[in-house]
Amino acid sequence: MSGWYLQKVSIEGFRGINNEGAPLVLKLKPDCVNSISAPNGVGKTSIFDAVVYAITGRIPKLDDLPATEKGSCYYLNRFHAGGVGTIILTLVPANGGAEVDVTVRRDAAGARTVVASAGADGNAILADLNREFVLLDGKTFQDFIDLAPQRRGRSFAGLLGLKRYSSLRQGLASLANTKAFNNHFAVGGKEAKQNSAHVRLQRARANVKEAFTALVAEEYDPAEAEATMLAKAHSALSGIELLKPLCEGRTFEEIDPSKCVDAAKAAEGGEARAELTKILRDEARWSEALKAAPSEEDAKRLVELADARDTALKLTQGDLFRQLYGVSEIILADDSWGDKCACPTCDRSDTGSVLDHVRQKNAAFEAVEAASANLTQEWTEKGWNQLDELERLGCQAEEQAKLAEARDVGLKGALDGAQARAVTEWLKTLTDRAVAKVKDLTDDKVALEKSLPDKLTAVVEKAEAARRLQSNLSDLRAALSDQSAIAAELARIARVKAFLDAASSCFARAESAASARRLAAIEPVTRKIFAAIMYTDVVPALKKRAGSEDLSISLAQFWTLPDISAQAVLSESYRNAFAISVYLAAASLYGGGARFLILDDVTSSFDSGHQFHLMNVIKGQFARPGVPDGPQVILLSHDTVLEKLFNTNAKDGGWWHQCIQGTARTSVLPQSGAIHRIRDATRALLDTGNTDDAAPRIRQYLEFKLEEVISRVGIPVPIGIAFNDDKHMAKNLIDAIKAAVDLHDAAGRLVLEPAQLAGLGTSVATIVSNYLAHWSTGQTHAFTAPSLKGVMQAIENFAACFQFEHPAGSGHYRYYRSLGQRT
């Protein structure tokens with residue numbers, strides 16, 4: 001079997017674990033159910049956070065804090081002088097082989113490094129371990145129940161070992177999203193260029209038709225081959241005797257109309273002929289520019305569309321807010337943002353969905369985008385961006401070129417009503433001037449032609465018609481080339497879009513089918529585990545709609561009622577049992593590289609009976625060694641009732657239990673063997689006069705020694721002590737021990753020697769008066785190093801009152817069997 005078991009965890013300087021120079025080392029057994037218990041605030045969850053960070057590279061509960069809370073500053077222990085957090089995971093291959101140490105460090109700047117022993121790839125190992133069911137806490141189970149169906153389905157894909165497929169499906173869906181796709185490939189801009197090319201093409205064809213008719217004196221047939229049309233045009237020019245030498249040996253497009261005009265001038269001479277040529281050219285330029293102008297109906301339509309965009313824009317708050325709402329929707333819609341009622345910009349929560357509100361705002365912007373698209377289409381299709389010649393001819397020196405200034409705004413569809421009216425009024429001015437100018441030129445031409453011979457006038461007109469035909473043929477070909485290039489590009493983009501649509505749809509169906517198959521395998525296991533935990537006539541059900549990512553949870557049976565909403569009727573303990581059952585079922589069937597699970601405080605919503613049932617399921621139906629091919633389970637808990645169960649199980653094979661004690665300021669250590677290090681470290685601190693760090697360690701050492709006496713000598717302790725305030729714990733334990741001693745002494749059954757009984761009273765007085773009286777009231781400033789050294793000695797003397805030398809003269813001491821029995 002492939003995969004990794006977790007054999008050891010070493011932590012220093014991370015979260016609530018300081019342990020400067022002496023890392024917290026937790027040894028774990030792959031062939032056992034491992035349990036670690038600790039009181040609140042000692043560092044149990046910091047152990048969980050450390051492993052989470054080592055494997056995933058982040059701690060979500062810190063990263064998801066409001067920015068003002070600076071969650072990233074709390075990864076490292078604030079009391080550790082080194083400013084570096086170190087986590088070492090010792091892993092052993094499930095199929096045998098040498099162990100591998102993966103060391104993960106984070107410095108004060110947030111930089112993360114990963115190093116593995118034996119030449120292994122640490123990052124690859126950690127990535128292999130990163131599965132949804134490896135690191136579980138109570139919030140994970142609660143979220144599984146409360147998540148929206150789509151997010152639950154995506155999370156569930158990770159449980160099924162289909163996370164990469166789910167991510168790929170989401171990626172393909174994102175790529176195939178029409179709006180995002182079009183934005184990425186600038187489809188709107190390309191379509192606008194296509195529209196402009198089409199307008200140029202239509203205009204060039206109309207001009208070619210007019211010039212051909214003027215030159216050849218017959219109707220232009222668009223279906224006629226271009227070569228035939230050019231031959232007719234050449235024949236019309238070369239048929240004029242005066243121009244024949246200029247046409248022979250040349251194609252039509254090689255003929256120079258200017259030389260034809262010069263030939264006419266030479267034939268007749270005089271300023272009148274030159275003036276006629278100029279008039280004809282100017283008339284052609286003004287006429288062609290005038291033909292390009294949109295109609296009055298087009299102008300009204302432009303103003304209407306601009307007004308419609310203004311109306312839509314009034315429902316928004318401008319482009320800055322558009323960017324704000326756009327980014328906010330991305331954040332809120334992302335799976336990592338759990339609370340859809342919390343605003344990502346101000347960290348405030350509301351009763352309603354902020355995501356829905358943001359989407360409404362974005363819908364208003366989408367209406368603006370639609371109006372802008374309509375405006376862009378109108379601007380390009382009616383040729384508003386192709387009026388440069390008209391404006392150049394009609395604009396006077398002191399006037400602004402309003403059409404040129406509005407070109408880019410119009411192409412973007414950002415023209416407002418006032419700009420649209422200004423542009424259309426300016427166009428009206430230009431067209432009026434153009435009409436008047438054409439009329440004046442026509443009148444001048446008619447008058448001048450009357451004073452010139454008809455033949456030479458016709459020659460000049462034919463030459464100018466040839467010039468127009470050549471120019472517009474060039475424009476026609478350029479427009480055709482541009483249109484063809486843009487059409488080809490849009491066709492390629494369309495093929496990519498079609499491919500993405502098909503791939504996304506095909507992959508979605510395949511991923512959904514794979515998920516459904518694995519769901520069908522998980523559901524009966526889920527029901528079996530749930531029944532073994534809750535022992536009730538409630539049957540959980542998981543439903544996944546075909547082709548969808550959504551995963552719905554329900555109850556197939558709720559006592560006598562079928563098909564009931566799980567979220568509506570289940571209490572917290574039933575919800576957690578539902579979620580735990582799903583996760584354990586998935587882990588048992590679809591394990592990945594991690595052959596271990598770490599469960600942090602997952603039983604807090606259960607009563608003692610259901611906690612017992614869950615432990616039985618884990619031990620007998622799920623984990624090693626009860627299930628030989630099952631995963632290694634590591635349980636973290638602060639529940640005192642559950643700790644008793646752990647202690648009981650620890651006496652049997654297949655269970656490994658540890659307790660930890662300590663503080664975030666000093667150190668966190670396992671009780672087994674660690675107490676001597678606490679004692680030695682405390683004495684070292686007192687030798688340097690450091691009472692601030694020594695005082696809490698003394699309390700830790702005292703509580704351990706008191707619990708050791710109680711455990712070894714078998715002194716009964718009221719269960720209420722376990723629920724008392726932490727600072728009163730030691731005093732309560734002393735009182736319980738003293739009460740038991742007094743009871744046995746009064747009954748004449750006390751095994752302690754008189755000197756031990758007397759020493760007991762002296763030690764208690766020192767501990768209580770010189771330490772606990774101050775500690776319980778928080779007056780730690782009253783401690784001095786010598787006084788605390790006396791307390792340490794009193795603790796040793798107190799424990800010694802319950803021990804005897806065995807064998808006599810050996811110098812080895814052991815605890816009495818009980819207060820009334822020596823051995």
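**Exercise 1. Find the bridge partner of Ser-35 in S12, then describe how strand S3 is paired and covered.**

In S12, Ser-35 has Leu-635 as its bridge partner. This is a predicted model, in which local features need pLDDT of at least 70, side-chain atom pairs count only at pLDDT 80 or more, and totals for chains, interfaces and linings use all residues. Residues are numbered from 1 along each chain as its sequence is written, and side-chain values use heavy atoms, with hydrogens and water left out.

Step 1. Strands (E, at least two residues) and helices (H or I, at least four) are DSSP runs, numbered from the N terminus. Two strands pair if DSSP finds at least two bridges between them. S3 and strand S12 (residues 632-637) run parallel and are joined by four bridges.

Step 2. Strand S13 (residues 655-662) also pairs with S3 in the parallel sense, over five bridges. Here Ile-36 stands opposite Gln-658.

Step 3. In a regular strand the side chains alternate between the two faces of the sheet. From S3, Val-33, Ser-35 and Ser-37 point one way, and Asn-34 and Ile-36 point the other way.

Step 4. Buried means under 20% relative accessible area, exposed over 50%, and partly exposed in between (1.4 Å probe, protein chains only). Five of the five residues of S3 (residues 33-37) are buried, so the strand is largely enclosed by the rest of the structure.

**Exercise 2. Check the length of helix H1 against its expected span, and state how many of its residues are buried.**

Step 1. The expected span of a helix is 1.5 Å times one less than its number of residues. For the 13 residues of H1 (residues 44-56) this gives 18 Å; the end C-alpha atoms are 19 Å apart, which agrees.

Step 2. Of the 13 residues in H1, 11 are buried. Among them are Lys-44, Asp-49 and Tyr-53.

Step 3. Just after H1, Gly-57 takes a positive phi of about 85°.

**Exercise 3. Give the order of the open sheet that contains S9, and place helix H21 against this sheet.**

Step 1. The sheet has three strands in the order S8-S9-S10, with antiparallel pairing. Strand S8 (538-544) and strand S10 (561-565) are the edge strands, each pairing on one side only.

Step 2. Strand S9 (residues 551-558) is joined to S10 by four bridges. Ser-554 stands opposite Ser-565 in S10.

Step 3. Axes are lines fitted to C-alpha atoms, for helices over the stretch in contact, and angles run from 0 to 180 degrees between N-to-C directions. Helix H21 (residues 572-589) lies across S8 and S9 and runs at about 55° to S8.

Step 4. Asn-576 lies in H21. Asn-576 counts as buried because its relative accessibility is 4%. Contact means heavy atoms within 4.5 Å. Leaving aside neighbours within four places in sequence, Asn-576 is in contact with Phe-141, Gln-142, Val-602, Ser-605 and Phe-606.

**Exercise 4. Classify the crossing of helices H25 and H28.**

Step 1. The axes of H25 (residues 691-713) and H28 (residues 785-800) come within 10 Å and cross at roughly 10°.

Step 2. Angles under 35 degrees count as roughly parallel, over 145 as roughly antiparallel, 65 to 115 as roughly perpendicular and the rest as oblique. H25 is therefore roughly parallel to H28.

Step 3. Residues making the contact include Ile-698, Leu-702 and Leu-706 of H25, and Leu-788, Met-792 and Ile-795 of H28.
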